[in-house]
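Here's a short set of exercises to work through with the model open in your viewer. Try each task before you read its solution.

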Amino acid sequence: DGCIKAVGQADVIRNQFSEATFERIIDCSGKCVLPGLVDAHTHPVWAGDRVHEFAMKLAGASYMEIHQAGGGIHFTVEHTRKATEDELFTAFQHRLERMLRAGSTLVECKSGYGLNLETELKMLRVIERAKKSLDIGISSTYCGAHAVPKGKTATEATDDIINNHLPKLKELKLSGEIHVNNIDVFCEKGVFDLESTRRILQAGKDIGLQINFHGDELHPMKSAELGAELGAQAISHLEEVSDEGIVAMARAKCAAVLLPTTAYMLRLKQPPARKMLEEGVIVALGSDFNPNAYCFSMPMVMHLACVNMKMSMNEALAAATINAAYALGKSDTHGSLEVGKQGDLLIINSSRWEHLIYQFGGHEALINYVIIKGKVVYENERCETMSSY
């Protein structure tokens with residue numbers, strides 16, 4: 001059934017299963033077995049890359065300056081609207097395969113580059129198709145409030161989402177066509193203010209979606225306080241979170257999904273991971289994979305979390321497994337090696353698991369096997385010819 005049957009000492013397990021026959025036995029001598037990594041925040045369905053904007057950023061342009069010059073999210077929206085469903089699916093599939101090879105076995109995937117009902121649904125259909133046809137686990141997020149569409153005010157966009165988008169999602173869920181797990185809003189100055197954010201998130205919650213949104217990234221917005229009040233499962237970014245917001249999130253058991261790639265690439269101040277951990281917030285990690293932060297690799301995210309956010313390696317591992325699964329409402333089935341949980345695991349070509357974080361960008365020669373639901377979905381032959389690190 002794809003679930004873990006036993007965890008423990010080798011001799012105990014040998015006795016327990018002495019009568020059993022196995023389809024395959026993998027010798028892990030001198031290697032490490034870890035839970036599959038969970039990427040708690042990605043934007044992987046889009047067309048048209050933004051490599052030209054990276055040069056602008058390096059020359060000193062800010063995120064909002066690029067956004068206002070017609071770049072950023074709006075550039076991607078234009079290309080995604082023009083792309084066919086098949087084109088989007090092919091690109092999405094390649095990205096998920098790269099995430100899988102870097103050890104991710106469960107990934108949160110957002111829409112949000114449509115900003116109109118037709119394109120948002122096109123993106124959600126692409127995500128639904130991947131859920132049904134690919135091995136990798138997917139938690140899908142409707143993020144129609146990713147930016148205010150051109151020609152609309154934030155209030156008009158909010159009304160459109162509440163009156164048109166969400167009723168359609170509810171209808172498609174009832175018919176079994178699309179199952180969305182989470183609702184997201186970019187709560188930010190000049191995008192969706194606190195009141196619009198509240199209205200959209202509450203309307204999403206009312207149709208059964210988990211609240212999991214972008215908050216307190218570029219300006220302090222009191223997003224953390226709002227999320228705690230609404231019973232959010234998770235809030236992402238939080239570079240500008242208030243002390244009161246941190247306390248509120250800890251009390252509400254609302255996970256903080258921290259994205260070290262974003263702070264790194266946009267040269268923002270880092271989110272206060274240490275303070276959150278000290279206050280008892282459930283800290284998770286995500287790659288924030290998108291055209292602005294082009295990173296597939298959770299091991300690299302964990303490395304950045306340790307170096308730039310001062311997390312320990314143990315904290316980073318928990319944040320990229322059990323806590324990231326919690327942020328998606330899946331910690332009862334994913335994120336750790338326990339009897340009864342889904343058999344998602346990595347086998348690392350090293351006797352110490354810390355090499356996965358220590359070797360920055362080294363996962364390509366370290367991850368020997370990726371296993372999902374007890375099935376080997378990726379086997380790295382290069383590891384067989386290399387001695388363990």
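**Exercise 1. Decide whether I13 is buried, partly exposed or exposed, then find its place and its contacts**.

Start with the cut-offs: buried means under 20% relative accessible area, exposed means over 50%, and partly exposed is in between (1.4 Å probe, protein chains only). I13 has 25% relative accessibility, so it counts as partly exposed. Next, its place: I13 is in helix α1 (residues 10-16). Helices here are DSSP runs of H or I with at least four residues, strands are runs of E with at least two, and both are numbered from the N terminus. For the contacts (heavy atoms within 4.5 Å), skip residues up to four places away in sequence, and I13 touches A6, V7 and G8. Finally, try a distance: I13 and A91 are 78 residues apart in sequence and 42 Å apart in space, C-alpha to C-alpha.

Two housekeeping notes before you go on. This is a predicted model, where local features need pLDDT of at least 70 and side-chain atom pairs count only at pLDDT 80 or more, while totals for chains, interfaces and linings use all residues. Residues are numbered from 1 along each chain as its sequence is written, and side-chain values use heavy atoms, with hydrogens and water left out.

**Exercise 2. Do the same for K110: is it buried or exposed, and what does it contact?**

K110 has a relative accessible area of 0%, so it is buried. Its place is in strand β3 (residues 104-110). Leaving aside neighbours within four places in sequence, the contacts of K110 include H41, H43, M123, D184 and H214. As for A320, it is 210 residues from K110 in sequence, yet 18 Å away in space, C-alpha to C-alpha.

**Exercise 3. Describe how α6 and α7 pack**.

First get the geometry: the axes of α6 (residues 117-133) and α7 (residues 154-174) come within 11 Å and cross at roughly 35°. The axes are lines fitted to C-alpha atoms, for helices over the stretch in contact, and angles run from 0 to 180 degrees between N-to-C directions. Then list who meets whom: L117, E120, L121 and L124 in α6 meet N164, H165, K168, L169 and L172 in α7. By class, this contact has five nonpolar, two polar and two charged residues. The classes work like this: Ala, Val, Leu, Ile, Met, Phe, Trp, Tyr, Cys and Pro are nonpolar, Asp, Glu, Lys and Arg are charged, and the others, Gly among them, are polar.

**Exercise 4. Find the buried residues of α4 and what covers them**.

In α4 (residues 73-82), the buried residues are I73, H74, F75, T76, V77 and T80. Their cover includes α2 (51-58), α3 (63-68), α5 (85-101) and α6.

**Exercise 5. Look up the backbone and burial of L238 and D288**.

- L238 isn't a glycine, but its phi is positive, about 65°. It sits in the loop between β7 (234-237) and α10 (243-252), and at 0% relative accessibility L238 counts as buried.
- D288 also isn't a glycine, and its phi is positive, near 55°. Its loop runs between β9 (283-285) and α13 (298-308), and at 3% relative accessibility D288 counts as buried.

**Exercise 6. Zoom out: what are the overall numbers?**

The protein has 18 helices and 12 strands. Of its 389 residues, 56% count as buried. Its C-alpha atoms fill a box of roughly 65 × 45 × 40 Å along the principal axes.
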